[in-house]
Protein chains: 2
Amino acid sequence: MSSMNITHTLMAKSMGVNSHHELVAFMRSDCHVCRSEGFEALASIQLGHGEHTIIAKLYVVDIDQLDADTVGLSHAAFAKLKLKGGESVKVTHAPVVNSLSSLRAKIFNQPFSEIDLIEIVGDIAKGHYNDIEISSFVTACGGDRLSIDEITWLTNAMVKVGEQLDWGTTPVLDKHCVGGLPGNRTTPIVVSIVAANGLLIPKTSSRAITSPAGTADTMEILTRVDLDLCRLRQVVKSTGASLAWGGSVKLSPVDDVLIRVEKVLDLDSEGQLIASVLSKKIAAGSTHVLIDIPTGASAKVRTVDAAENLSRQLIEVGKRLNLKVETIITDGNEPVGQGIGAGLEARDVLKVLKGEGDAPENLKERALTLAGLLLEMGNKADKGQGKILATNTLDTGKAWQKFMEICLSQGGLKQLDNTAHTYSFEAQYKGVIKQVDNRKLARLAKLAGAPASSVAGVDWKVRLGQTVEKGQSILDIHAETKGELNYAYEYLVANEDIVIIGE
Amino acid sequence: MSSMNITHTLMAKSMGVNSHHELVAFMRSDCHVCRSEGFEALASIQLGHGEHTIIAKLYVVDIDQLDADTVGLSHAAFAKLKLKGGESVKVTHAPVVNSLSSLRAKIFNQPFSEIDLIEIVGDIAKGHYNDIEISSFVTACGGDRLSIDEITWLTNAMVKVGEQLDWGTTPVLDKHCVGGLPGNRTTPIVVSIVAANGLLIPKTSSRAITSPAGTADTMEILTRVDLDLCRLRQVVKSTGASLAWGGSVKLSPVDDVLIRVEKVLDLDSEGQLIASVLSKKIAAGSTHVLIDIPTGASAKVRTVDAAENLSRQLIEVGKRLNLKVETIITDGNEPVGQGIGAGLEARDVLKVLKGEGDAPENLKERALTLAGLLLEMGNKADKGQGKILATNTLDTGKAWQKFMEICLSQGGLKQLDNTAHTYSFEAQYKGVIKQVDNRKLARLAKLAGAPASSVAGVDWKVRLGQTVEKGQSILDIHAETKGELNYAYEYLVANEDIVIIGE
């Protein structure tokens, strides 16, 4: 195709447009390149600068919006071409993306081969798939259309396309929670307990995608989390653990692209969930992973059957890729801990680690269970004895010591400041807490400003089955501004079924 | 949900951005609405002005790109909100699109119900699906995943969501060609012959989507084609026919949206092809349709088996929706006529209608076959006798008279002007024309400037099986500018397998 792609040159300019990962170019309707190439709005075009090449979506702009012979670029496109401004870039028709034919074949019920998936994942990593194409891939893989073979190949291809860590030893432990449960910030506690027992657990976590907080957001309240690979290695070498943000390490980068599209579609497919979780863990150099699957009507996994099926597949795919996976199906019917939102969750984590009297009991319990299982997986305790060791590690303050050590190594332990505007939602009558809608509770915390505001969120002050008196506080909304507090309050008033109080 | 959607107001401004049908909004990163609502780049937001509401994709822009308290809009978003500029618009979170849950269910192998498809098509028509969601719908329907019931319901939903014409009489004839064959501009000839015999054939056609020319492009060379509904009725009333552009009549508008996404994916699914073709015909008020299915290795339909399967389904779905469908499987191995591109095709059409000696014989033959079948469907000729009547209508000049009458009624018959830069591609040696690649030939015509330039295209001067001498002209490239001529020439040099000459 080389000689059909006549190259045109235009001056590059940032349009000051944040389009997330989406690569967007803007060209004038009267631009000679548009005209001679027959480019139209929404066409895919290829832009090159030096050794960097991207495929971008084209918007055509009126002639008063851009200088002549200039191509405007979104932040992502500008960054990916490594531009500073004022350089000339080469503009051509986007080449045919060959891996799309195996996607079309899959739509027509032909299974993917290993090579198909390597090529597709490679093209997505290079930014050669636009959102329409990524959505088609996600949909074609949806609804259990991936066999165990295909899931394994997809996982492996996702690992291979990004950075891969190697800790030069075994076991390397890790944990993961198949999200959907507000609060549930066990990770900092679990990691501290496990590392305090001499096991290696280099944990990298994500920021919130659709939830009020991710572990990285919570940890950022307490220490620095954006470590580059070199710094991460130092922390792990000196403490045996880390509690860092995974984003700067570029593990399984295609996962982030797929997740963004899945969120738009609100589509949770098992195959892609498995590839997503396991590719991140394998890329992080883990050898033993414990996966927590909270299960309940308003959690991500809704039935025990579904949880068991997911569990089986996680274990099998892990096995094929040399990763020892164990799973635990936990209660997903109510929040874990009190705080929902980065600052409030950090407060709960500190209370548990410090052994304070008002530490949320269920957060502590769950963290001890998970830490116990990991201690068993790492051969620090016999089967069934891990939780005892974990409890001892917490009660003697060794976990808190380890946590401080990790934070200091990452950049110092920060003070909590949860100053906020608050509103307390009270029971209108005496009764028993019958049900809580986790999804709406998470939404409430987000409307109050989480995760953008670190003090924003919800303090959930009751438990399922608990009897409350008339006027007793059920939850507090925390917000940084009065406006956000009002906004969340209005949502709460319109959605009182967020918590059901019965006889 | 009403009270959770706190309404913010921003001043609307056109950003001068052509994003095709895509609804795009631009907001400043420091905008109070972005902050208080937690809007991020690529979020879906709802914009309202008076009674008009849209859901748009958000790009967040740097503060120097937009005035404070202003929301920028793409041309499509601006138009759909019926704005003039300077009005204030209401901005809220996009509501949940409920029909997406039936899409998700379909991905998990549950068939669509009739109501599901009515809701999905309705939401797409309102612009409530973004490209990611439309792509997911197209993919979930792909690969023969739609049953005959589902195809029927989809077709009907697509009809119902747009304008529907009613001619108050029967039969109302129509023809359609399942594209993919360059040239093949039979429609103006067929319509003229059929109407000259007193049958009603109100034809609306499309412009080129991915081809070098659509019938509307070709007809636009000769007369006015952008008729509104009122004008179209007048033309049909006075001449019994029309040769107009369908775009201004808004028949089956969702079809245009789906086609654009299918083109990006290069995905031809039978179910959607059938719904696309039949919804346009039913909406146009047709009662009897003849569908031409050119079949060949480089045509859209590649095998006779596939053509027959498609044919059966077209007939069955038509039957269920009270549309009499007949099909004809034709040779799709080489172009029909000489010209490929609007102006060159118009020239060929005129030659056939006027009965000129050098009229392309295969274009004439095919037009007569199709017209003959339509005359039989309309009971103007006995089975097997239609072509004789069609030939007579053409030879006696009655078709040419009717064609002129239609053009005059639409706005006058224009003169052809095919002045262009040309390059003649000659045979390098004596031999027989063994094979021609229709797709590459169409690409060549497009690179020469079609359909944007009406004189651009390719003149295909030989036929399969014909013996050519060394130096004999195989095809001429026509282009409006020297640059475009060179561009197409380079493609031809790099793709000489466009035509294979053998022993």
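In what order do the 3 strands of the open sheet of chain A stand? The order is β17-β15-β19, and the pairing is antiparallel. β17 (467–468) and β19 (499–502) of chain A stand at the edges with a single partner strand each, so one side of each has no neighbour in the sheet. This report concerns a predicted model, and the sheet is taken up again below with the domain that follows.

## The interface between chain B and chain A

Contact between the chains involves 59 residues of chain B and 59 residues of chain A. About 5,000 Å² is buried between chain B and chain A, and carbon and sulfur atoms give 57% of that area. Between the two chains there are 23 residue pairs in polar contact, both residues at pLDDT 80 or more. On the side of chain B that touches chain A, helix α5 (residues 131–140) of chain B gives the most, with 7 residues. Sorted by class, this side of chain B has 23 nonpolar, 18 polar and 18 charged residues.

The count of salt bridges between chain B and chain A is 2. In one salt bridge, Lys57(B) is joined to Glu22(A), with 3.0 Å between the closest N and O atoms. In another, Lys57(A) is joined to Glu22(B), again with the closest N and O atoms 3.0 Å apart. This pair crosses between chains: Lys57(A) belongs to strand β5 of chain A, and Glu22(B) to the loop between β2 and β3 (24–28) of chain B. Over all chains the structure holds 50 salt bridges.

Strand pairing also crosses between the chains. Strand β5 (residues 52–61) of chain A and strand β2 (residues 17–18) of chain B run antiparallel and are joined by 2 bridges. Within β2(B), Val17(B) is the residue opposite Val61(A). Strand β5 of chain A is thus named twice here, as a partner of strand β2 of chain B and as the strand that holds Lys57(A).

## Domains of chain A

The domain assignment divides chain A into domain 1 (2–93), domain 2 (173–248 + 276–410) and domain 3 (421–502). Between the C-alpha centres of domain 2 and domain 3 of chain A the distance is 26 Å. In this interface, 27 residues of domain 2 of chain A are in contact with 20 residues of domain 3 of chain A. The area buried between domain 2 and domain 3 of chain A is about 1,800 Å², with 51% from carbon and sulfur atoms.

Across the interface of domain 2 and domain 3 of chain A there are 2 salt bridges. Glu334(A) and Arg463(A) meet through their side chains in a salt bridge, at 3.5 Å from N to O. The interface of these domains also has 11 residue pairs in polar contact, both residues at pLDDT 80 or more. On the side of domain 2 of chain A that touches domain 3 of chain A, at least two residues each come from α8 (215–222), β13 (339–340) and α13 (342–354) of chain A. The largest share of that side, 4 residues, is from α13(A). By class, the same side of domain 2 of chain A has 10 nonpolar, 12 polar and 5 charged residues.

The two interfaces are set out below.

| Interface | Buried area | Share from carbon and sulfur atoms |
|---|---|---|
| Chain B and chain A | about 5,000 Å² | 57% |
| Domain 2 of chain A and domain 3 of chain A | about 1,800 Å² | 51% |

## Strand pairing in the open sheet

Strands of a sheet pair through backbone hydrogen bonds, in either a parallel or an antiparallel sense. In the open sheet of chain A, strand β15 (residues 431–436) pairs with β17(A) in the antiparallel sense over 2 bridges. Opposite Val432(A), in β17(A), stands Thr467(A).

## Backbone features

In chain A, the peptide bond from Thr170(A) to Pro171(A) is cis, with omega near 0 degrees. Pro171(A) is in the loop between α6 (148–160) and β8 (173–177) of chain A. In chain B, the peptide bond from Thr170(B) to Pro171(B) is cis, with omega near 0 degrees. Pro171(B) lies in the loop between α6 (148–160) and β8 (173–177) of chain B.

Asn322(A), a residue other than glycine, has a positive phi near 65 degrees. The loop between α12 (304–320) and β12 (324–331) of chain A contains Asn322(A).

Notes: Residues numbered from 1 in each chain as written. Chains lettered and ligands numbered in written order. Predicted model: local features only at pLDDT ≥ 70, side-chain atom pairs only at ≥ 80, totals over all residues. Heavy atoms only, no water. Contact = heavy atoms within 4.5 Å. Buried area = accessible area lost by both parts, 1.4 Å probe. Salt bridge = Lys/Arg side-chain N within 4 Å of Asp/Glu carboxyl O. Polar contact = N/O pair within 3.5 Å; in protein donor to acceptor, adjacent residues only side chain to side chain. Nonpolar A, V, L, I, M, F, W, Y, C, P; charged D, E, K, R; others polar. Pairing = 2+ DSSP bridges. Domains from an automatic or database assignment.
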